[in-house]
Structure formats: structure tokens, C-alpha cells
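Student: Please take a close look at one part of this model. I would like the helix before the loop, and the loop itself, in one connected answer.

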Amino acid sequence: MALRLINNAVLRQLAAQLPKNAQIGSVAGIHTLDKIGKREIVGFGWNGTACYADRVDYPLPAVRFREPNNEINALRAKEQGDWKKLSHQEIKALYRASFCQTIAEVQAGTGEWKLHLGVGLLFTAAAIWVAVLMNLFVYDELPVTFDEEHQKAQLKRIIDLEINPVTGLTSKWDYENNKWKN
């Protein structure tokens, strides 16, 4: 009982410190209301936040795109009547007051992939040039054991020493006939 009284007193103290226009229980609501200005909230929004974004997967944002002015208010009043009396320009102006882009404009490609491909190809070309220059000026010559004569001598030595005769290379050598098994 005493704990409940202390809890209520603390909650009253915190509520008194909040601004008068703040929404209790929604930190995101407090911050976004300052950002939208005088724009009208017309929907729920992402997770209940009042924000605007042009997205194909979320076509109806919670906030109108533009703040209302005299021209838009006059068109909204005219919109309440018969829509046949509205011209195409007025309909477009009403649409642009609520939305920044159409769905077709949002879906249109930006061509940004060309920049990413170009940068990727530049880095690939630079890496190839670095590899070529390293082979020419930094790395030593290959050891003599890489020529064919030395490799054959190494293979003969492996066979003579019978290295790994169960599953290795010498398991395929016929020691009685001195040739490779079929």
C-alpha cells in the first residue's frame, strides 16, 4: 500500500514536469510533432509515428507532404463539392499537397547502380595493376624446383621412399613392374 502511494506520487511529479502539449507514453510522438510543423496528420503512420516518406510498400503516409496555405485551403474547400468542377491542374495541385511523388516516380530507377558498377570496376582494375606490378618489381623469381626436371626428380624420390603407400600417390605405383597401376 505504501509502495503504491509512493509510485503514484512519483508519477504525478513526472507528469507535472512534462510539457503541456506532450503525449504521455509516446516518446516518438513528442519528437515528430515538432518536426511536422503545421502539416495535417491523416493516418496512423509507421508504428503510430507521424512521419512522411514516399515508399511503394507503404503508400499512404501519416502526414500530408505540404503545410496548408491559402491556395491549398481554397482547393480543399472546392474539393468538398463536386469533383467534376475541378480542373486537372487543381487535382494535381491537391495531390502534390498530400504527396511528394507518384507511385510511378517512386518506382522509377535512379541509375545509381551505374555509379556502383563503375567504382567496382575501377577497384578491380586497380587490384589487377597492383598484382601485375608486384609480380614485375617486388616478387623474386620462382625457385628452380618449379621447372619440370626438378618436379620429375621429386616424384621419383617420393616413389623410391614409398611415402604414404596406403592412400597417397605411391599407392598408385606398381613397385614390381615399375609403372603406374591402371
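Tutor: The helix comes before its loop here, then the next loop and a surface patch.

This is a predicted model, where local features need pLDDT of at least 70, side-chain atom pairs count only at pLDDT 80 or more, and totals for chains, interfaces and linings use all residues. Residues are numbered from 1 along each chain as its sequence is written, and side-chain values use heavy atoms, without hydrogens and water.

Start with α7 (148-160). Helices are DSSP runs of H or I with at least four residues, strands are E runs of at least two, and both are numbered from the N terminus. The end C-alpha atoms of α7 are 18 Å apart. That agrees with the 18 Å expected for its 13 residues at 1.5 Å a residue; the expected span is 1.5 Å times one less than the number of residues.

Just after α7, Glu162 has a positive phi of about 50°. Most residues other than glycine have a negative phi. Asn164 also has a positive phi, near 55°. Asn164 sits in the loop between α7 and β1 (173-174). Its relative accessible area is 43%, so Asn164 is partly exposed (buried is under 20%, exposed over 50%, partly exposed in between, with a 1.4 Å probe and protein chains only).

Now the next loop. Asn178 lies between β1 and β2 (179-180). Its phi is positive, about 55°, although Asn178 is not a glycine. Asn178 counts as exposed because its relative accessibility is 56%.

Last, helix α6 (residues 112-137) holds Trp129. Trp129 is exposed, at 57% relative accessible area.
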